[in-house]
Amino acid sequence: MVNRVSALEGHDTDCRFGINDAIAVHVREIPNLVLFQAAAWVDSMSAVESAISSSAGTNFAPGPVTAATGTNGSLLRIEPMKWWLYGITAPELPEETGVTLDLSHSRTHVRISGPQATTLLNRNLPLDLSEQHFPVNSVASSSLHHVGITLWRSEHGYELFIPRGFAVSVWEVLMQSAAQFDV
Amino acid sequence: MSGHRIKNGGRIDRSKPINFTWDGMPRSGYEGDSVASALMASGDMVFGRSFKYHRPRGIMSAGVEESGAIISIGEGDRKDVNVKMTTQELYQGLVATGQNAWPSVRFDLGAINNSMSRFLVAGFYYKTFMGLPPFEWGKGTWLWMQYEKIIRKAAGMGESSREADPDHYEHAHGFCDVLVVGSGPAGLAAAQTAARAGLNVWLVEQDAEHGGSLLAESSDTERTAALSELSDLGVTIMNRTTVFGLYDYGVAGLLERVTDHLSSADPRLPRQRFWTLRAKHTILACGSLERHFAFGNNDCPGVMTTQATRTYLNRYGVLAGEQIVLATNNDSSYSTACELARAGASVTLLDARNQINKKVAQKLSAANVDYRAGHTVVKANSGAEGVSSVLIGKANGSEWTATDQLPCDLVALSGGWSPLVNLISHRGVKPVWDPSTACFMPVDSSEPLTMAGSAAGIWNHDDCIKSGHSAASMAAKSLGKETTSVVMPATGGWNSPIKPLYEVTVPGKQFKGFVDPQHDVTCEDIRLAHREGFVSVEHLKRYTTLGMATDQGKVGNIIGIALMAEALGCEIPAVGTTTFRPPYTPISIGALSGQSVGAHFRPLRRTPMHNWNLVNGATMTEAGLWQRPWYFARGVETISSAYIREATTARKSVALCDVTSLGKIAIQGPDATEFLNRIYTNPFAKLPIGKARYGIMLRDDGFVMDDGTTWRLGESDYFMTTTTAHAAKVMVWLEELLQTRWHDLKVHVTTVSEQWAGVAVAGPKSRDTLLECVEDPGVMENAVFPFMGVIETTLKGGIPCRIARISFSGEMAYEVYVASDFSPGLMDLLWPIVQSKDGCLYGTEALGALRIEKGHVTGAELDGRVTIEDAGLGKMASPNKSFIGSALRNRPDMQRHDRPRLVGIKPVDHNFTFHAGAILCSEDKVEGLGEGWITGVTHSPELGHWIGLGYISGGHEAWYRKRAIATDPVRKGNVEVEIISPHMIDPSGSRMYG
């Protein structure tokens, strides 16, 4: 099998910024994304919810703009009738229940963590990311340097899903901004 | 003026000297100095030349309103012009230079303008545009054309660097409950109250240090105690940050100067940061500005505001003069007079009011201040180094009678205080004139916006603090927090009322008094504007340029309005005030663009084969945001020879082209077929699984929106491709239809443009090429995989793929799609096989040549103005079904037979060429909009001459055996052309089916 080639091929995709050993922000690509979409119909929401939560190993399917993580993978509610399944493939759904789609190659997954992660993101991202307004498992569609992205705050940090074609552009902007945390 | 540093005091660090240069001369100051304070301490006097008359200018203030000491900072590519010396922090090695003067600000040949000032009055430009009076009246502007160049050269202040800006800038976003603008007594108090109530507070200060007017006080305890409490409460405390504008819904624009005060900043730091701050409540404690007033030569070096002398003394440890005449009309100057006297100056205080309160008089006497009530300055006399004496006068009704001369080296003025209503004015709040305090007062806003301190017209220090607490408690209450209410103190607060004073006039005498020193607007200019009918405040501003300099009227507006009111014989409110607009102080263009410069001007969109294309010799071009291969030159090939070779190869053998940029949309659900049948003009109800169909979609108004192919992958699963240009538009359109018109349809649309990478394999040897790539060669048989067929199969190396046999080039061709991360692998698989067949790679230039030869339309032809018939695709509009646009496309005008129709174009003389964009005219009428236009041109390798596509009235049938002229007056001139069918090669399509 041919190997997957990342959109960030040729870049150092694991970068820590900070003074000496004190890491202010850690930006890295999580390669080989596995991402599926499951979409329901108005009258089949609960059937899709139960199918995907059993795939992910969660007790429930998350509501709008939130996420839930189970034993197998995570679920992100990205639209009123659509979920993303992160880290797992989608279950088979009969067409009267819903439809699924493989989006694993459509996004580049970048994780930003560390004490200055919010500061770095807010250089370009116009969302209030304070704990009060954007706690863990919040999900948002927003934009970063003119590029529409999906943002999920996981237990590991901020998970950015960048449309693959824009990944290099966004990565370079993030690197330029992050360099100041070395000073 | 002979300013000098005093031994003790001030906020400067005398143990840290800083060396810098002023106009090439070495100077020194201390850490904590501004350029102004350091140069004042060095005894320098003249720092600038005025805009029009080139009069010498010195320091007039200690802040952002500075109108005299405007200089250039830095050199080479880091040169900033029109920097206010009063706000520039000193750093080691700083290079300061004068501007608007030659050879220097101390001796400037341009000063000759001063002697011609009678001719350079307000409206000088406008009058000379109309001809030199009286010689050219009614005859035009011959003379103006002669000296326009000289004036253009003389105009403007300072000369910016012509090199690229080496610094970088960034944008940032912030969020808070309460934004407090200004950190003077009111701002500190407001931040304290809001933070104590548990709110998320930002305290933003434009200065390097917090404290506002407290920095001019001799004691520092109040300031430091407040700041340390705020920091303990977690308040975001920003300095060197200007709130330059207020916008809708609590949005404030902030400019943070990150490195402008450093001699060598780390290149990883941005020079400036442009903040968009969203606040639930905004408290404006931005203070007030002290006004000057007009008298003879009031612009001469050595005339400054009283508050400035206090700031220089207490903040910077500089005594601005030794023999000081302080002229005031209000209570705010007394303590400054005493402080200046105690610091060693000999001070004469002139109070325009007829009486001085006894207690005040005692204090003044005790401090050795000489004072005279009912007196003011009438005229300043300047020596070689600024002011040397003043003529003073005694009040005589509303005018003055000159009495005697007083020698002095500094004139300190206070003509009253103007609350800074600039920011609240950005929100559409119109300030109201208050005659009792002689200033424009802010009024209540309907937005969560509160004024506090002297910005609210409260003069008394304790009341300012109270107003800060009051504003914050209101904010806290509206945000649902419990606080003790504090009553907002009344405005004003002086013991004796102010005596309005805008201009000092002596009967029978003419003085040159300046209203707006930055733009050389004199009192006489205002009266001239009045005499010539420019009486509205907006006309006055534009005619005289009052308030149009870098301070945007902070200094001169009120005096100008007052003089106009006097000329009109009305009160100030009847004249009105101009609207302040952002930015409050100038901000750099670099900060506005942030990181959106150079390669990041717009985000670049790269296909997954981007690197592969580059490695294999691609020259890239932009297609919207996409980077696409333009051509793949070999050796010494030019773009022309490369694309001709590439197109020829595609027709003779096989060629590969990255077509990933096409829009791709997954259309899924039980009603997907019905949905497609409604949006496409041609029938889609019976498209079999494993087949693709070319489709056209119209807008509601019946014009063509986009074209593309849609592949049926399963019973309820389709894969649509769109043009590169319209990918997003089509996606949005489909989603809109589903969500607003047809929510009963069980269909989901999802963009998969980034999920799939595509390559076109075109040419007679394309099938042979793919035969060698697929694991099961059987799937490529013509019988099982005919033209417009679709298969899902596996390539060697185990790459899953979907292939459609479709052709944009007119040759036998396939589009092969694989998941994006596999596409470099796909190219590595295809390329050696293609090479073995003498094939090549091709880019958009050859792609264009191939499709023009075939008459295939693209974005250039489907430009939103064409009907399906215009594009020659009328047969694709089904008469048997209803689809989007099916009703309105039948409007009579859209069915006219003489509408411009798609045609092929070739030059009559095959050696000629023409350009896209040329206008097509009939032979006998080469003028106007003509009969049509050319949308795309190419050299046709197959035909051996240039061809084009375009539109012309009636189409090619109407032009049979008739010549047309392609007219292109600014580029090529006229070329005789023949109008032919757009299908210029293989019109029957036999090659595609082969």
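## A quick tour of chains A and B

Let's start inside chain A: Thr108(A) is buried, with a relative accessible area of just 3%. Keep in mind that this is a predicted model, so every value here is computed from it. From Thr108(A) we'll move on to the place where chain A and chain B meet, then to some spots in chain B and a few backbone oddities.

**Around Thr108(A)**

- You'll find Thr108(A) in strand S8 of chain A, which covers residues 107-113.
- What does Thr108(A) touch, leaving out residues up to four places away in sequence? Its contacts are Ala7(A), Leu8(A), Glu29(A), Leu160(A), Phe161(A), Ile162(A), Arg164(A) and Ala167(A).
- Why does Thr108(A) count as buried? The cut-off is a relative accessible area under 20%, and Thr108(A) has 3%.

**Where chain A meets chain B**

- Each side brings 49 residues to the contact: 49 from chain A and 49 from chain B.
- Among the residues on the chain A side, Trp41(A), His105(A) and Arg123(A) supply 15% of the area that chain A buries against chain B, more than any other three residues.
- Together the two chains bury about 4300 Å² between them, and carbon and sulfur atoms give 55% of that.
- How many salt bridges cross this interface? There are four.
- In one salt bridge, Arg123(A) pairs up with Glu170(B) through their side chains, at 2.5 Å from N to O. So Arg123(A) turns up twice in this story: in that salt bridge and among the three residues that supply 15% of chain A's buried area.
- Polar contacts join 31 residue pairs across the interface, counting pairs with both residues at pLDDT 80 or more.
- Which elements of chain A each supply at least two residues to the side touching chain B? They are strand S3 (35-40), strand S7 (98-102) and helix H3 (167-178).
- H3(A) gives the most to that side of chain A, with six residues.

**A surface patch and a covered helix in chain B**

- On the surface, Trp102(B), Phe107(B) and Leu109(B) form a nonpolar patch with about 390 Å² of accessible area together.
- Leu109(B) sits in the loop between strand S8 (95-97) and helix H2 (112-115) of chain B, and its 47% relative accessibility makes it partly exposed.
- For the opposite picture, look at helix H7 of chain B (residues 306-314), where nine of the nine residues are buried. Those buried residues include Thr306(B), Arg310(B), Tyr312(B) and Leu313(B).

**Backbone oddities**

- Trp102(B), which belongs to the nonpolar patch, is joined to Pro103(B) by a cis peptide bond, with omega near 0°. Pro103(B) is in the loop between S8 and H2 of chain B.
- Another cis peptide bond links Pro582(B) to Pro583(B), with omega about 0°. Pro583(B) lies in the loop between helix H15 (572-575) and helix H16 (589-593) of chain B.
- Asn32(A) isn't a glycine, yet it has a positive phi of about 55°. Look for Asn32(A) in the loop between strand S2 (22-29) and S3 of chain A.
- Met788(B) has a positive phi too, near 70°, and isn't a glycine either. Its loop runs between helix H21 (766-771) and strand S40 (790-795) of chain B.
- Are these two residues buried or exposed? Asn32(A) counts as exposed at 51% relative accessibility, whereas Met788(B) is buried with a relative accessible area of 17%.

Technical notes: Residues are numbered from 1 along each chain as its sequence is written. Chains are lettered from A and ligands numbered from 1 in the order in which they are written. Side-chain values use heavy atoms; hydrogens and water are left out. Patches are made of residues with over 30% relative accessible area and no salt bridge: like charges are joined within 9 Å, nonpolar side chains (Val, Leu, Ile, Met, Phe, Trp, Tyr) within 5 Å. Accessible areas come from the Shrake-Rupley method with a 1.4 Å probe; for residues, only the protein chains shown count as cover. Helices (H or I, at least four residues) and strands (E, at least two) are DSSP runs, numbered from the N terminus. Buried means under 20% relative accessible area, exposed over 50%, partly exposed in between (1.4 Å probe, protein chains only). Contact means heavy atoms within 4.5 Å. Buried area is the accessible area (1.4 Å probe) that two parts lose on being put together, summed over both. A polar contact is a pair of N or O atoms within 3.5 Å; within protein, one must be able to donate a hydrogen and the other to accept it, and residues adjacent in sequence count only if both atoms are side-chain atoms.
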